[in-house]
Each structure stands twice: as C-alpha cells, then as structure tokens.
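Visitor: I'm new to this kind of picture and would like to learn how to read it. Could you walk me through it, feature by feature?

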Amino acid sequence: MYCVSSITGEGYFSEDMVHFLNCAQSARYVEWGAKLWDLQVNSEHKFIFVFSKTDHARFKERWGNKNNNSVNN
C-alpha cells in the first residue's frame, strides 16, 4: 500500500518498510544514518518508527539480534 507520511510529507510503500516500537533502536538507526520515513501512533498510544527495509538490513547486525523490537520483520 502506498502511504504518505503526515510527519515528513514523503510517500512510501508500506511493504518496503519495517516498523519499530523501540525508541532506543530507532534513535540509533537515525544516528547511524537511517532515514526515518514516518512516525505513527498505535492504539496503545505508543510511537511506531518507520524505516526502510534497506536501512534495516544495513543496521540490524550493528544493533544486534533483538527480534522482539520489531513490529514486523
């Protein structure tokens, strides 16, 4: 599905993205150069950070194997 971020104004295909709830992981990804495509809020009033699968592939080993941090893989 094609989405347009109300935060960044940029469009992306949701199937090309990963979604994280972990603020620390998301902050590290941004520090390391990942592009934050969107910031959403879920039904539990928690932020969901949206990154490309490409950036996730670049940084997942650096972050470590923490599968429980991802909403989808």
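Guide: Happy to. Let's begin with burial: of the 73 residues of the chain, 37% count as buried. Keep in mind that this is a predicted model.

Visitor: Which helices and strands should I look for, and in what order do they come?

Guide: Look for two helices and five strands. Going along the sequence, you meet them in the pattern β-β-β-α-β-β-α.

Visitor: How much of the contact in the chain comes from residues far apart in sequence?

Guide: Take the contacts with a separation of 6 or more: 60% of them are between residues 24 or more positions apart. Here's one pair to find on screen: Val-18 and Lys-53 are 35 residues apart along the chain, yet their C-alpha atoms are separated by 5.8 Å. Val-18 belongs to strand β3.

Visitor: Is Val-18 buried or exposed, and why?

Guide: A residue is called buried when its relative accessible area is under 20%. Val-18 has 1% relative accessibility, so it counts as buried.

Visitor: Now the helices. Which residues of α1 are buried?

Guide: In α1, residues 23–31, the buried ones are Gln-25, Ser-26 and Tyr-29. They cover an arc of only 100 degrees around the axis, so they sit on the same side of α1. What do they pack against? The partners of those buried residues are β3 (17–20), β5 and α2 (53–63).

Visitor: What happens at the ends of α1?

Guide: At the N-terminal end, Asn-22 acts as a cap, with a side-chain oxygen 2.9 Å from the backbone nitrogen of Ala-24. After α1 comes Gly-33, which has a positive phi near 110 degrees.

Visitor: Where else should I look for a positive phi?

Guide: First the general idea: most residues other than glycine have a negative phi. Now the case here: His-45 is a residue other than glycine, and its phi is positive, near 65 degrees. You'll find His-45 in the loop between β4 (36–41) and β5 (47–52).

Visitor: Is His-45 buried or exposed?

Guide: Exposed: the relative accessibility of His-45 is 72%, and the cut-off for that label is over 50%.

Visitor: How are the two strands around that loop arranged?

Guide: β4 and β5 run antiparallel, joined by five bridges. Together they make a hairpin with five residues between the strands. To line the strands up by eye, start from Asp-38, which stands opposite Val-50 in β5.

Visitor: And the aromatic rings? How many aromatic pairs are there?

Guide: There are nine. To read one, check the distance between ring centres and then the angle between planes, where over 60 degrees counts as edge-to-face. Tyr-2 and Phe-13 have ring centres 5.0 Å apart and planes at 65 degrees, so this pair is edge-to-face. Since Tyr-2 is in strand β1 (residues 2–4) and Phe-13 in strand β2 (residues 11–13), the pair ties together parts that are 11 residues apart in sequence. Phe-13 is partly exposed, at a relative accessible area of 40%.

Visitor: Which rings form a cluster?

Guide: Phe-20, Tyr-29, Trp-32, Phe-51 and Phe-59 form one aromatic cluster. You've already met Tyr-29 as one of the buried residues of α1.

Visitor: What lies over the face of Trp-37?

Guide: That's Lys-35, at 3.8 Å from the centre of the Trp-37 ring.

Key:
Residues numbered from 1 in each chain as written. Predicted model: local features only at pLDDT ≥ 70, side-chain atom pairs only at ≥ 80, totals over all residues. Heavy atoms only, no water. Helix = DSSP H or I, 4+ residues; strand = E, 2+ residues; numbered from the N terminus. Buried < 20%, exposed > 50% of the residue type's maximum accessible area, 1.4 Å probe, protein only. Pairing = 2+ DSSP bridges. Phe/Tyr/Trp six-rings, centres within 6.5 Å; stacked < 30°, edge-to-face > 60°. Lys NZ or Arg CZ within 6 Å of the ring centre and 35° of its normal. Arc of directions from axis to C-beta. Contact = heavy atoms within 4.5 Å. Polar contact = N/O pair within 3.5 Å; in protein donor to acceptor, adjacent residues only side chain to side chain.
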